[in-house]
Amino acid sequence: MNPLGFFTLAALVVASSAATPATQRTVSSHLTAQDQERFAKVFSEGLKSNDLQSLYYASANVALPAGDVTSTCKRLFTLHGESKLNDFEKNFYLIGARKNFGCKEALPAKVETAVKAALAKDATTAQEIYYNFHSAKLAGLAVDEKVRTTLGKNLQTVLKKDDSLNSLGHAFAVAAELGTAGSFAYDRIEEAFVQADEVDGKMLQFEGGLSITALIVNGGFKLATSLSKPAPITADQAVKFATYFLSRASVQTPKGVSVLLEALKLLASQKTIAPVCVRLAGNGQLLPESPVLSVRVCDLLGKPLSPALAALSTTVVSRTTNDALVSKVNLVPSKDDATLYTYNLKSASPTRGLYRVDVDAAPSYRQQLQVSVLGKVRVSSLEVGVGDTDSAASSVKRQSVAHPSKLATVLNADSQQKVVLKTALVDDASGKPITVHQCFVLLRHQETRQEIIFVAETDSSKAYKFEMDVGARAADFGHKSGLYEVRLIVGDALLSNSFQWHLADLELKFAAGDSQQQSVDAAASLRKPLPEIVHQFRAPEKRPPRFVSDLFTALCIAPLVILFGLWAKLGVNVKNFPLSLGAIGFHLGLGAILVLFGIFWLRLNMFDTIRYLIPLALFTFICGNRMLRKIARGGSSEK
């Protein structure tokens, strides 16, 4: 092989390995025993329900106690008579529940007649065909090949008018029962599944939620199976649909639980594409003294796989260093639980940290999990002391305390001093210094039980230190002098022995005086009601001087004064004034509007002015219209 060919092959191998998915045909959850118990409770409540639909779906999934059959059947027929559902739907629920309960009462003649008549005529929706067909089957009515052919043609006609998801889902379910007469519907399966919405790249669902999604998935698989066709979805799509159905395990209605269980059972039965659940058995935390990795492998319903896996291997890799702790080791199946596989990592000596677990059941299943190996923390040393505020921390005299003991003497500190603490935390196995997520120093007043917590910070040597100036922190303590417990709190998600340690008692003495009283007053004021908030309008803007206002008024009135002056000098010609109600009313209305504007300027607001203006304007308009019509008629007669 030439060098170029060798490097090309190597690049392809690397690329293919990089493209290997972290998961393959696996999901991370399954129906648990708690889910099954809750489902049983939902069905039990459904048997007591006064809803016809709930009664049917409950009867299809749980048996009715023998002593309740008579009363429940009587209630069933009463609910059917009172139901406001469509006739074809409530007839289906009645016939189905009656059969499931084993009622001795005969089926009402009008119901049986209605079902027969419905099969003989064309339906307008796929839903109607679905309910009528299954009602006939449940009632034991003969559905021969001629009827099936007629239903198939009717179904084709309906789908030409309505090809919605709801219509397609019911059509698939009916076509699966029609044999060759329903084979046409198989060509519509791809059209339906392509409309599924992908959520976060992890789930597939149809618009309409659980009912529509389960209807299409169940109907599509049943139709493909009846025609001996391949599954309508791929293995990757099956994983995403299963993930969606498992996410809806909290459904609370009998219909929802029923269709959910039907969909999960159907997906779990598809051996070529069925996803399986591979998950950790437990919380994923491995104890240092017994680091046993436990993995649970089961189907979607939580049942053992049949046939069982030939082998289940795992590779455990550190997320910190990317070094493999173990590689391709086989997990050991449990003798007591067919779904449980374990592997003891004790021989690999895992250190404290996070690990990635790659579980592989070649060639079909692959899952990626995460576990944490816990460690134990040990207090290597702890020193606590009291010194003057202005002295260096290194010069403060300290006393050593061994964990979990308590300092025999009581520490004393006043407002002119400071408290210092330094501790070194190490890994119990390796003895190396470690850092933790939480390292706090808690001071608790022994009488009032009031607490204040400080964060201890690390230095360059990974030791934790704490320093508190008593005088500067007096306000935080509310100037409350007295005996305080000093506790060290250490916690971390990767520790199996997080602890709280009462290491010493500390007598604090704060300076008494105005500052203490002010602190008490401030604390008391916080508990008093705040003053009432009263809304205030903005203060009006400052008006202009009186001279400016008068000058502006005079300028506004000047045109009117000039008009009356010219009329007085030249004379007013009123001989052509039409003496009619319209003319008089128009001028009176116009004058009234001018007067209203003047009043608005002096005292009215805009809303009051509009209320008065509207009737005046209508009156003036009508009178003006009549006056103009009379003037127009007079001009025409003179010509």
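A residue is called buried here when its relative accessible area is under 20%, and exposed when that area is over 50%. With this in hand, strand β20 of the predicted model is a friendly place to start. Along β20 (residues 464-469), Tyr-464, Phe-466 and Met-468 point to one face and are buried, while Lys-465, Glu-467 and Asp-469 point to the other face and are not buried. This fits a general rule: in a regular strand the side chains alternate between the two faces of the sheet.

Strand β20 also has pairing partners. Strand β16 (residues 417-427) runs antiparallel to β20, and six bridges join the two. Within this pairing, Thr-423 has Tyr-464 of β20 as its bridge partner. Strand β19 (residues 457-458) likewise pairs with β20 in the antiparallel sense, here over two bridges. Tyr-464 is the bridge partner in β20 of Thr-458 as well. The hairpin of β19 and β20 has five residues between the strands, and Lys-462 in this hairpin takes a positive phi near 65 degrees.

Elsewhere in the model, five strands make up an open sheet with mixed pairing, in the order β5-β12-β11-β7-β8. The edges are held by β5 (285-286) and β8 (324-330); each has a single partner strand, so one side of each is left without a neighbour in the sheet. As general background, strands of a sheet pair through backbone hydrogen bonds, either parallel or antiparallel. The parallel sense is seen where two bridges join β5 to β12, with Gln-285 standing opposite Ser-372 in β12. Ser-372 is also the bridge partner in β12 of Leu-354. That second contact belongs to the antiparallel pairing of β11 with β12 (residues 365-373), which extends over nine bridges. Three residues lie between β11 and β12, and the two strands form a hairpin. Moving along the sheet, β7 (residues 313-318) and β11 (residues 353-361) run antiparallel and are joined by six bridges, in which Ser-318 has Tyr-355 of β11 as its bridge partner.

Turning to the helices, α4 offers a simple check on geometry. At 1.5 Å a residue, its 14 residues should span 20 Å, and the end C-alpha atoms of α4 are indeed 20 Å apart, so the expected and modelled spans agree. The buried residues of α4 are Val-69, Thr-72, Cys-73, Leu-76, Phe-77, Leu-79 and His-80. Seen down the axis of α4, these buried residues fall within an arc of 160 degrees, so they line one face of the helix. The general reason is that an α-helix has 3.6 residues a turn, so residues three or four places apart point the same way. The buried residues of α4 pack against α3 (52-59), α5 and α6. On the other side of α4, Thr-70, Lys-74, Gly-81 and Glu-82 are exposed.

One of the buried residues of α4, Cys-73, also takes part in a disulfide with Cys-103, the two sulfur atoms being 1.9 Å apart. The link connects distant parts of the chain: Cys-73 sits in helix α4 (residues 69-82), whereas Cys-103 lies 30 residues away in the loop between α5 (87-101) and α6 (109-120). An angle of -90 degrees about the S-S bond makes the link left-handed. Cys-103, like Cys-73, is buried, and the structure holds one disulfide.

Why does Cys-277 not bond to Cys-298? The closest cysteine sulfur to that of Cys-277 is in Cys-298, and at 4.5 Å it is too far for a bond, because a disulfide needs the two sulfur atoms to be within 2.5 Å. Cys-277 is nevertheless buried, with a relative accessible area of 0%. Cys-439 is also buried, its relative accessible area being 4%.

Helix α5 contains a lysine worth a closer look, Lys-90. Is this residue buried or exposed? Lys-90 has a relative accessible area of 12% and is therefore buried. Not counting residues up to four places away in sequence, Lys-90 touches Leu-52, His-80, Ser-83 and Leu-85. Of these, His-80 is among the buried residues of α4. For Ser-83, the backbone oxygen lies 3.4 Å from a polar atom of the Lys-90 side chain.

Definitions and conventions: Residues numbered from 1 in each chain as written. Predicted model: local features only at pLDDT ≥ 70, side-chain atom pairs only at ≥ 80, totals over all residues. Heavy atoms only, no water. Helix = DSSP H or I, 4+ residues; strand = E, 2+ residues; numbered from the N terminus. Buried < 20%, exposed > 50% of the residue type's maximum accessible area, 1.4 Å probe, protein only. Pairing = 2+ DSSP bridges. Expected span 1.5 Å × (residues − 1). Arc of directions from axis to C-beta. Contact = heavy atoms within 4.5 Å. Polar contact = N/O pair within 3.5 Å; in protein donor to acceptor, adjacent residues only side chain to side chain.
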